[in-house]
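Here is a friendly walk through a structure, written for someone at the bench. Keep the 3D view open as you read.

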2 protein chains.
Amino acid sequence: MYYATLRQMKKMLGQLDQWLEAAATFAQIKSFDPTVLLGMRLAPDQFAFARQVQSACHTAKLAAASVTGQTPPSHPDTEQTLEELRARVRAVIAYVDGFTEKDFEGAATRVINNPRWQGKVMTGADYFLEHAVPNFFFHVTHAYAILRHSGVTLGKADFLGPLSLRAP
Amino acid sequence: MYYATLRQMKKMLGQLDQWLEAAATFAQIKSFDPTVLLGMRLAPDQFAFARQVQSACHTAKLAAASVTGQTPPSHPDTEQTLEELRARVRAVIAYVDGFTEKDFEGAATRVINNPRWQGKVMTGADYFLEHAVPNFFFHVTHAYAILRHSGVTLGKADFLGPLSLRAP
């Protein structure tokens with residue numbers, strides 16, 4: 001499950017990269033500064049677009065690292081442009097891509113820590129399903145929703161990406 | 001994986017039920033007609049709030065039914081009030097709750113059909129990871145985001161719900 005779900009996260013990050021490209025094209029067509037999009041948000045007390053992208057990246061990276069016991073690479077959230085956000089997304093895609101199914105042996109029972117949990121821990125299984133997956137989709141969907149709200153032309157097919165359809 | 005993920009979807013639907021309650025309270029405090037919220041949307045060519053809730057319900061129900069080979073109950077998308085949406089959410093929670101882990105034996109290789117796939121099919125494994133899970137989180141997150149955009153007081157803890165934290 002862990003490996004297959006991380007492959008799906010990798011796929012979603014690839015879609016996110018395409019949304020960022022669509023956002024840059026939209027800004028060009030509408031003749032506005034594309035960096036304006038990085039500050040767009042749906043509510044004043046929600047993360048802006050750039051932070052949603054960074055959080056999606058962070059969550060996927062941390063999910064892979066946590067349940068495999070790895071130390072993830074540091075990404076300091078300093079992106080200032082759509083291109084820099086795309087580079088960040090691609091760096092996380094490459095990181096996630098480096099794992100094999102074998103790396104996830106024992107993931108379910110691994111002890112996961114988080115500074116926000118005040119000394120408590122979660123099992124790898126609980127952390128992955130209750131925390132990593134919902135948080136990943138929360139941020140990636142908010143990134144998508146902010147672009148849609150901003151007028152960028154995207155649809156459900158752009159969200160899901162290509163499906164593994166086959167002949168019956 | 002299927003059973004555990006559907007338990008997580010059930011949990012998320014329980015959170016959605018709480019957001020609907022928070023939405024009703026918000027409308028009361030602000031003295032506006034709560035049914036206005038059902039028509040709120042983030043973009044003119046996106047589903048409105050009611051349809052996002054219905055779609056989240058539909059996706060969870062169909063995910064459980066499809067990979068177990070069941071015929072799901074019909075829900076005709078006729079909800080007109082927040083209370084009716086809450087009843088819909090609770091009906092799907094009860095439906096998902098009726099499955100046991102044993103029901104998901106063989107889920108990965110089950111053949112899944114969809115009228116939109118033009119005669120093609122997906123395996124249960126591909127359908128679940130590529131279609132059901134992303135669609136479920138897409139709609140439940142959009143429901144959340146529309147309420148946040150509308151001013152309803154919610155935060156990430158309301159999205160995730162209680163975590164299975166334990167002593168180290």
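The notes below cover the two chains, one helix, one acidic residue and some ring contacts.

This is a predicted model, in which local features need pLDDT of at least 70 and side-chain atom pairs count only at pLDDT 80 or more, while totals for chains, interfaces and linings use all residues. Residues are numbered from 1 along each chain as its sequence is written, chains are lettered from A and ligands numbered from 1 in the order in which they are written, and side-chain values use heavy atoms, with hydrogens and water left out.

**How the chains relate.** Chain A is superposed on chain B by a rotation of 180 degrees with 0.0 Å of shift along the axis, giving an RMSD of 0.0 Å (a least-squares fit on C-alpha atoms of residues with pLDDT of at least 70 in both copies). This is the relation of a two-fold axis. Both copies use the same surface, as 100% of the contact residues of chain A recur in chain B (contact means heavy atoms within 4.5 Å).

**Helix α4 of chain B.** Helices are DSSP runs of H or I with at least four residues, numbered from the N terminus. The 26 residues of α4(B), residues 124-149, should span 38 Å at 1.5 Å a residue, and the end C-alpha atoms, 35 Å apart, agree with that (the expected span is 1.5 Å times one less than the number of residues). α4(B) bends by about 25 degrees at Ala132(B), and Pro134(B) follows within four residues (the bend is the angle between axes fitted to the seven residues ending there and the seven starting there). Of its 26 residues, 24 are buried (under 20% relative accessible area, with a 1.4 Å probe and protein chains only).

**An acidic residue under cover.** Asp17(A) sits in helix α1 (residues 2-30) of chain A. Its relative accessible area is 11%, so Asp17(A) is buried. Beyond neighbours within four places in sequence, Asp17(A) contacts Arg86(A), Val89(A) and Arg90(A).

**Rings.** Over all chains there are 25 aromatic pairs (Phe, Tyr or Trp rings, the six-membered one for Trp, with centres within 6.5 Å; planes over 60 degrees apart count as edge-to-face). Two of them are tabulated here.

| Pair | Centre to centre | Angle between planes |
|---|---|---|
| Phe138(A) and Phe159(B) | 4.7 Å | 70 degrees |
| Phe136(B) and Phe137(B) | 5.5 Å | 75 degrees |

Phe138(A) and Phe159(B) are both buried, as are Phe136(B) and Phe137(B).

Terms used: Helix = DSSP H or I, 4+ residues; strand = E, 2+ residues; numbered from the N terminus. Buried < 20%, exposed > 50% of the residue type's maximum accessible area, 1.4 Å probe, protein only. Phe/Tyr/Trp six-rings, centres within 6.5 Å; stacked < 30°, edge-to-face > 60°.
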